[in-house]
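Visitor: I'm new to this one. Could you pick a single strand, take me through it slowly, and then show me what else there is to see?

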Protein chains: 2
Amino acid sequence: MKSAILSVGTELLFGQITNTNAVFLSQQLNLLGFDVMYHYTVGDNPQRVKETINRAFEGCDLIITTGGLGPTQDDLTKEIACETLHDEMKLHEPSMEKLEDYFKKLNREMTDNNRKQAYFPSRAVIFDNDAGTAPGFTLEENGRRIICMPGPPREMTRMFEQKVMPYLETLSEDVIFYRMIRTYGIGESQLETDLEDLIDKQTDPTLATYAKEGECSLRIASKRHTKEEAEKAVDDMLETVKKRVGQFIYSCDDEDLSSVVGKKLLEQNVTISCAESCTGGLFAKTLTEIPGISQVFDRGLVTYSNKAKMDELGVQASTLEEYGAVSEETAIEMAEGLARITGCDICISVTGIAGPDGGTPEKPVGLVYVGASYKGTTLSKKLTVRNVNRTWNRTTTVLAMLDVTNRLLDGRGL
Amino acid sequence: MKSAILSVGTELLFGQITNTNAVFLSQQLNLLGFDVMYHYTVGDNPQRVKETINRAFEGCDLIITTGGLGPTQDDLTKEIACETLHDEMKLHEPSMEKLEDYFKKLNREMTDNNRKQAYFPSRAVIFDNDAGTAPGFTLEENGRRIICMPGPPREMTRMFEQKVMPYLETLSEDVIFYRMIRTYGIGESQLETDLEDLIDKQTDPTLATYAKEGECSLRIASKRHTKEEAEKAVDDMLETVKKRVGQFIYSCDDEDLSSVVGKKLLEQNVTISCAESCTGGLFAKTLTEIPGISQVFDRGLVTYSNKAKMDELGVQASTLEEYGAVSEETAIEMAEGLARITGCDICISVTGIAGPDGGTPEKPVGLVYVGASYKGTTLSKKLTVRNVNRTWNRTTTVLAMLDVTNRLLDGRGL
């Protein structure tokens with residue numbers, strides 16, 4: 001089925017935001033077996049939205065729109081879709097109830113333009129919005145079909161995954177099954193070299209590598225008549241891949257390293273605490289993103305100043321003076337101090353230079369020491385993070401800390 | 001002048017790459033005073049490229065294309081532009097010389113399809129490519145104008161800045177100046193209601209509201225003959241806006257609240273530390289994103305367990321028992337304990353229920369208490385965060401903590 005993506009929003013035409021919705025939807029539609037023929041972007045202008053929908057239907061049977069479903073006057077995508085496919089707007093009671101409930105909870109008054117959000121074309125199938133106030137919907141007429149979703153990416157992606165994808169699966173003949181394999185510790189060129197013959201020969205399953213911040217993913221995809229056939233083809237290929245680069249794989253289901261580590265901590269009931277300097281709380285923040293982690297995560301200390309390192313962790317003034325705050329010795333004393341205080345099974349520490357300033361020829365930006373106290377022993381690991389910018393340096397440092405934790409949990413060496 | 005941006009490339013329709021070219025060009029065109037009416041994306045398909053160019057010319061006088069200028073068979077944007085504007089392809093000698101030179105240096109043989117890159121419409125103005133082999137060009141016929149540039153962002157942006165921008169400046173009569181006003185504590189519908197007459201009457205300057213995670217932005221834009229006139233019109237409107245919603249504005253220059261707070265802390269040399277429960281280090285992480293913040297940020301304690309709250313901050317067991325970990329009393333004792341330990345000017349604490357689990361009818365997910373010890377006094381603030389998901393709840397809680405800090409720094413009440 002031929003499809004087009006229409007993004008509605010003047011802010012896109014001003015270049016204020018990047019159209020990540022079109023990227024996400026293109027990936028998803030292609031995976032579901034739909035051909036994406038066009039991307040269109042127009043502003044919040046009813047005439048141009050209408051004209052573009054009409055044009056898109058000349059070459060496509062399916063149009064997916066994002067944006068223009070909000071409460072304000074220029075949010076008119078819904079009304080235009082309704083008119084184009086010859087339907088009439090009607091109050092949708094469940095949506096009105098949800099809206100009223102929402103405003104009651106917030107203790108805010110509902111304005112007339114909010115009420116507009118509960119009206120839909122009478123033949124529409126409504127898609128609830130779990131992350132915002134504007135529901136989505138689909139409307140069909142003589143094989144021409146439009147799906148309208150809200151513009152904020154967080155709301156749109158959730159609605160797509162939970163509501164729209166299952167709906168689209170009923171329309172598509174072929175299914176694509178894929179696994180996103182996540183690796184740590186191997187670069188993209190090396191991964192490609194190790195799998196070169198498999199990538200070159202690809203017809204089905206296909207293999208593609210993607211570099212992400214500090215790590216690398218591999219997508220194995222197969223398009224077959226049934227999900228079972230596609231899944232089997234992918235899993236057979238995965239076995240071959242594992243034989244070559246298995247030691248770098250930490251997830252075969254596109255899970256973040258933090259989720260993998262969090263699950264293992266909870267399953268094995270291993271308690272953890274952390275002492276951070278250069279990452280400034282990012283490791284604690286990342287671990288505590290996992291619901292239920294309070295069962296094993298005791299505390300995190302962001303000992304940014306030298307005084308805090310001494311006060312909170314008992315790092316020796318002489319160590320800081322002799323070796324510096326960014327040193328193996330300090331990392332180890334931080335982890336050992338933390339273990340004394342918390343008695344947690346794993347006590348992990350980090351000290352380094354996140355940049356942009358603070359580097360020297362001996363200790364450049366990107367130099368990081370990770371300490372880990374585990375089962376009575378304290379280990380350390382020196383990292384040289386590629387200095388891109390402060391955010392990258394901190395993010396990749398936390399990945400390395402998670403990798404250290406993962407290795408300890410697996411009983412592997414650092 | 002009305003303009004459209006056409007991105008050519010099948011990889012965009014697969015969602016393999018994000019269309020950053022459209023963002024860049026939209027920003028630049030708007031700043032030069034061109035109205036961007038449409039973004040179009042099509043694959044490397046001559047028929048659809050041609051059809052889309054024709055359609056774009058129905059509503060616009062200027063089309064900017066990126067992509068499809070390379071040496072391969074499906075790179076046909078140039079030929080289609082030539083045909084649409086009734087010109088003929090002709091060898092461009094200087095481009096051929098450059099190409100020959102390039103291949104000589106590389107010690108590679110030049111193929112016929114490489115030679116194609118030196119042919120251009122006879123009336124075209126050529127834009128050299130300093131970063132690749134495919135030059136760009138512009139072609140005009142009866143006031144309809146097309147500008148074609150290569151697709152790789154590095155080549156395109158350089159060509160635009162060095163060659164295309166000076167060319168476009170000769171065509172444009174107006175310039176646009178805008179400010180992005182950032183607010184906290186007011187919802188989008190309320191902001192729109194408060195400014196309704198200004199928004200409705202808008203011709204110039206124009207006003208538009210944007211909802212972001214937990215906050216709201218307002219864009220004020222003006223299009224005039226000179227930048228000075230436009231800037232004055234925007235700033236005059238800003239004064240009117242400030243009279244109505246000034247208490248919610250924290251930046252008139254599109255700065256994040258964390259940057260605003262970080263700058264004030266550094267400028268006023270006010271030291272700060274934090275004790276976090278539900279946000280799990282996100283406040284510390286956000287503050288330490290600011291380079292140089294180590295001058296004023298002493299430490300952060302992520303006291304996740306009750307034991308950690310008692311050990312690290314001296315929260316009383318009886319307080320935790322009587323009022324619970326999520327209570328005003330605990331938030332205050334956390335802030336006071338932190339002040340005793342660190343002696344920082346501002347000691348900020350937070351305790352709450354981030355979800356998805358852990359809520360009760362009395363203490364639902366989203367209930368948060370912020371404590372702040374400042375100049376010998378400890379204040380607290382109760383928040384009811386709209387429960388979207390754990391990430392949202394934590395992010396908006398940190399925004400509220402930054403708002404509290406900002407208010408203390410400004411000497412305003414919470």
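## A strand and its surroundings

Guide: Let's start with one pair of residues: Leu62(B) stands opposite Arg145(B), which belongs to strand β8(B). Keep in mind as we go that this is a predicted model.

Leu62(B) sits in strand β3 of chain B, which covers residues 62-66. On its β8 side, β3(B) is joined by five bridges to residues 144-149 of chain B, and the two strands run parallel. β3(B) has another partner too: strand β1 of chain B, residues 2-8, runs parallel to it and is linked to it by five bridges. To find that pairing on screen, look for Ile5(B), which faces Ile64(B) in β3(B).

Is β3(B) buried or exposed? Five of its five residues are buried, so the strand is largely enclosed by the rest of the structure. Here's a handy bit of background: in a regular strand, side chains alternate between the two faces of the sheet. In β3(B), Leu62(B), Ile64(B) and Thr66(B) are on one side, while Ile63(B) and Thr65(B) are on the other. Both of those faces are covered, with every one of these residues buried.

Now let's step back to chain A for a moment. Chain A has 16 helices and 17 strands, and its C-alpha atoms fill a box of roughly 80 × 60 × 40 Å along the principal axes. Of the 414 residues in chain A, 47% are buried. If you take its contacts between residues at least 6 apart in sequence, 64% of them join residues at least 24 apart.

Chain A also holds an open sheet of four strands, in the order β10-β11-β9-β12, with antiparallel pairing. Its edges are β10 (206-212) and β12 (249-251), each pairing on one side only. From neighbour to neighbour, the strands of this sheet are turned by 35° on average, ignoring direction. Zoom in on β10(A) and you'll see it pair with β11(A), residues 215-224, in the antiparallel sense over seven bridges. In that pairing, Lys212(A) is opposite Glu215(A).

Next, the place where the chains meet. How many residues does each chain bring to the contact? Chain A gives 56 and chain B gives 53. The side of chain A that touches chain B divides into 22 nonpolar, 23 polar and eleven charged residues. Strands take part in this meeting as well: β14(A) and β14(B), each residues 297-303, run antiparallel and are joined by five bridges. One spot to click on is Arg299(A), whose bridge partner in β14(B) is Thr303(B).

Follow that link outwards and you get an open sheet of ten strands drawn from both chains, in the order β17(A)-β16(A)-β15(A)-β13(A)-β14(A)-β14(B)-β13(B)-β15(B)-β16(B)-β17(B), with mixed pairing. The edge strands are β17 of chain A and β17 of chain B, both residues 377-384. From one strand to the next, the twist averages 10°. Helix α13 of chain A, residues 306-313, packs on this sheet and touches β13 and β14 of chain A as well as β14 of chain B. The direction of α13(A) makes about 145° with that of β14(A).

On the chain B part, β13(B) (residues 272-276) and β15(B) (residues 346-352) pair in the parallel sense over five bridges. There, Cys274(B) has Ile348(B) as its bridge partner. Helix α15 of chain B, residues 328-342, lies across β13, β14, β15, β16 and β17 of chain B, at about 150° to β15(B).

Ile348(B) turns up again in the largest nonpolar core, which has 106 residues. Those with the most contacts inside that core are Ala335, Ile348 and Val370 of each chain. Not counting residues up to four places away in sequence, Ala335(B) touches several residues, including Ala275(B), Ile348(B), Gly371(B) and Thr378(B). A separate core has 85 residues, among them Val23(A), Ala124(A), Leu76(B) and Met149(B).

One last stop: helices α11(B), residues 257-268, and α16(B), residues 390-410, pack at about 35° with axes 10 Å apart. Their crossing is left-handed. Val260(B) and Val261(B) are among the α11(B) residues at this contact, with Leu402(B) and Leu409(B) among those from α16(B). The contact's residues divide into six nonpolar, four polar and two charged.

Methods
Residues are numbered from 1 along each chain as its sequence is written. Chains are lettered from A and ligands numbered from 1 in the order in which they are written. This is a predicted model: local features need pLDDT of at least 70, side-chain atom pairs count only at pLDDT 80 or more; totals for chains, interfaces and linings use all residues. A residue is buried if 20 or more other C-beta atoms lie within 10 Å of its own, exposed if 12 or fewer, and partly exposed in between; C-beta atoms are placed from the backbone. Two strands pair if DSSP finds at least two bridges between them. Axes are lines fitted to C-alpha atoms, for helices over the stretch in contact, and angles run from 0 to 180 degrees between N-to-C directions. A crossing is left-handed if the near helix is turned anticlockwise from the far one by less than a right angle, and right-handed if clockwise. Two residues are in contact if their C-beta atoms, placed from the backbone, lie within 7 Å. Ala, Val, Leu, Ile, Met, Phe, Trp, Tyr, Cys and Pro count as nonpolar, Asp, Glu, Lys and Arg as charged, and the others, Gly among them, as polar. A nonpolar core is a set of buried Ala, Val, Leu, Ile, Met, Phe, Trp, Tyr and Cys residues joined through C-beta atoms within 7 Å.
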